[in-house]
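The following exercises concern one protein structure, each with a worked solution. Please keep the sequence and the coordinates at hand.

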Amino acid sequence: MAKINPRTVASLLKEYAQRASMRGDNPYRIKAYLRAADSLTALSQPLDRIIAAGALTKIPGIGDAIADIVTKLYQTGTHPSLEKLREDVPAGVMELFAIPGLRPDKILKLHQALGVNSLAELEAAAREDRIRPVKGLGAALQTKLLQNLAIVRSGETQLHLHKAAALLGHAVISVKQEHPEFSRVEIAGDFRRGCELVSDFALVAQARKSTGIEDTTLRLVVTDRKHFGASLLEATGSADHLEQLKTFAADKGFTLDADGLHRGRKLIASATEEEIYQALDLQFIEPELREGRDEIERAAKHKLPALIRDEDLHGILHSHTTASDGTETLEAMAEATRKRGFDYYGVADHSQSAHYAGGLSLQEIAEQHREADRLNKAYNGKFRILKGIEADILADGSLDYPNDILEQFDFVVASVHSRFKLPKKEQTERIIEAIGNPRTTIIGHMTGRQLLRRPGYDLDVDKVLKACAKHGVAVEINAHPWRLDLDWRWHQKALDQGCIFSINPDAHSIRELDHMHWGVEMARKGGVPAKRVLNAMRLTALLAHLARRRQTS
């Protein structure tokens, strides 16, 4: 059998993992297969060359055992163990793995109990109310399936930002090692634009002359120094931005293509993106803004904002410790934050009704506050732990502690963690009621979405933003890569309303503190400047802001 392309190998390895999971294989082994499949979607070299060099194990997530499987899949298009697993269920059943949150055991039961062999058959079964009566499935699953079927077709090949970052980072290293003649390698595509989900794995490399590399799952553009800027612009996109930019150029008598900006036969600009925008008398448009919205019109008027940067943030708010559902102590999280160069750490463990997350009792709050006081005394003004809480917004819009308890905190993140399926009007009113509580500082992960897992709850976001602006409550940009909520597409509306933001990691471990970068990316994509971000304030300014809010409560 002819050798197959790397994307097909990745798809087969993913199928191998999914079929093994339905049989109840070791979940850690399943995760290893899936991680290896992700790595194969962003190869920087031809797969046959990697295999021939015995270098498969240098790819993230691929050890000796998986390397053997990948080699067999590439050489033959199958594997004996995969063929054996295929005897259990038809190929169409694999479509069900695309549904967010649907576990392998439920997929198997849907197939065995109802004969569901495809997404179409699953949707029919749900709409015909055939799932609800089945023991082990039930009404709740049927409702969830109907909701999540809308997500299924959003992109099987998309990866969350943090996963794409790891793969593309490895790809850059691999390209440089494979091609020492490349003097420069840059990431392009939708990752460079800060898109919350990444499917276009693209690099632009600079060489003495343009060439082409085949049989890689990565889009690698090789160009020379003279045309590097034009190639990077083209490879970054978006398609809408490029189309509008080319139209704008044409209206000024230019031609813009992948080789650069021309007037007639004369090349005007191509070496850098900055030169191209400048030649068109446009303010430089940061990659995150290039989505074909109004960025070219604003750039023509030189009215694009100076976007926030990682270094503009001076502290972290909304983070969890072992007091609720985190994995590290308050001291460990604070010290890790300090070592990352921040001036303050705001702990915000879950509140008492969040039993599933070990929400804090009144006694535990007092204990945590005593610990924060002890640590702050030791820091002697060089760093500060702020006492916060992530208070559940209850069904009626009230917060999860009485006011006299809430007043003991420096700040309060108010979040929805239950009753996601309330009607739009009730959900909206519930959150607006919480925003109106003078003790609320930040509204957490406003829509509750989880990317590729579940949509946000039904909510009038515009009304909620107006309420935040009215009451001076910060809108969270939750930096956890599964959330990235509030969606960047709402940021300009929030800015226009007069809202401020807070970029929060929602960290449950030290490693997750670094999610802050993804929140900054979302803020940049939404056009947010540093002056509109709560934790871009220095500690003294933030404490004054929090004190003013307490005085008005």
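Helices (H or I, at least four residues) and strands (E, at least two) are DSSP runs, numbered from the N terminus. The model is a predicted one, in which local features need pLDDT of at least 70 and side-chain atom pairs count only at pLDDT 80 or more, while totals for chains, interfaces and linings use all residues. Residues are numbered from 1 along each chain as its sequence is written, and side-chain values use heavy atoms, with hydrogens and water left out.

**Exercise 1. Describe the lining of the largest cavity, and state which helix gives the most to it.**

Step 1. On a 1 Å grid over the protein atoms alone, a cavity is a set of points where a 1.4 Å probe fits but cannot get out; lining residues have an atom within 4 Å of a point. Grid points are joined across faces, edges and corners, and a volume is the space filled by probe spheres set on the points.

Step 2. Searching the whole structure yields one cavity of 30 Å³ or more. The volume of the largest cavity is about 40 Å³.

Step 3. Its lining consists of Ala 230, Leu 233, Glu 234, Leu 242, Lys 246, Leu 256, Asp 257 and Ile 276. At least two lining residues come from each of helix H11 (228-236), helix H12 (239-251) and strand E6 (255-257). H11 gives the most, with three residues.

Step 4. For the classes, Ala, Val, Leu, Ile, Met, Phe, Trp, Tyr, Cys and Pro count as nonpolar, Asp, Glu, Lys and Arg as charged, and the others, Gly among them, as polar. The lining then has five nonpolar, no polar and three charged residues.

**Exercise 2. Determine how strand E11 is paired, and whether it is enclosed or open.**

Step 1. Two strands pair if DSSP finds at least two bridges between them. Strand E10 (residues 344-350) runs parallel to E11 and is joined to it by seven bridges. Within this pairing, Ala 348 is opposite Gly 388 of E11.

Step 2. Strand E12 (residues 411-415) is also parallel to E11, with five bridges. Here Gly 388 faces Phe 411 in E12.

Step 3. A crossover is right-handed if, with the strands pointing away from the viewer, the path from the first strand over the helix to the second runs clockwise. E10, helix H16 (residues 362-379) and E11 form a β-α-β unit of this right-handed kind.

Step 4. Buried means under 20% relative accessible area, exposed over 50%, partly exposed in between (1.4 Å probe, protein chains only). In E11 (residues 384-392), eight of the nine residues are buried, so the strand is largely enclosed by the rest of the structure.

**Exercise 3. Which backbone features stand out in the loops, and how accessible are His 302 and Asp 506?**

Step 1. Most residues other than glycine have a negative phi, and most peptide bonds are trans.

Step 2. The bond from Gly 237 to Ser 238 is cis, with omega near -5°. Ser 238 belongs to the loop between H11 and H12.

Step 3. His 302, not a glycine, has a positive phi of about 55°. This residue sits in the loop between helix H14 (295-300) and strand E9 (315-316), and its relative accessible area of 47% makes it partly exposed.

Step 4. Asp 506 has a positive phi near 50° and lies in the loop between strand E15 (501-504) and helix H21 (516-525). With 6% relative accessibility, Asp 506 is buried.

Terms used
1 Å grid on protein atoms, 1.4 Å probe; cavity = no way out; pocket = protein on both sides within 12 Å on 5 of 7 lines; lining within 4 Å.
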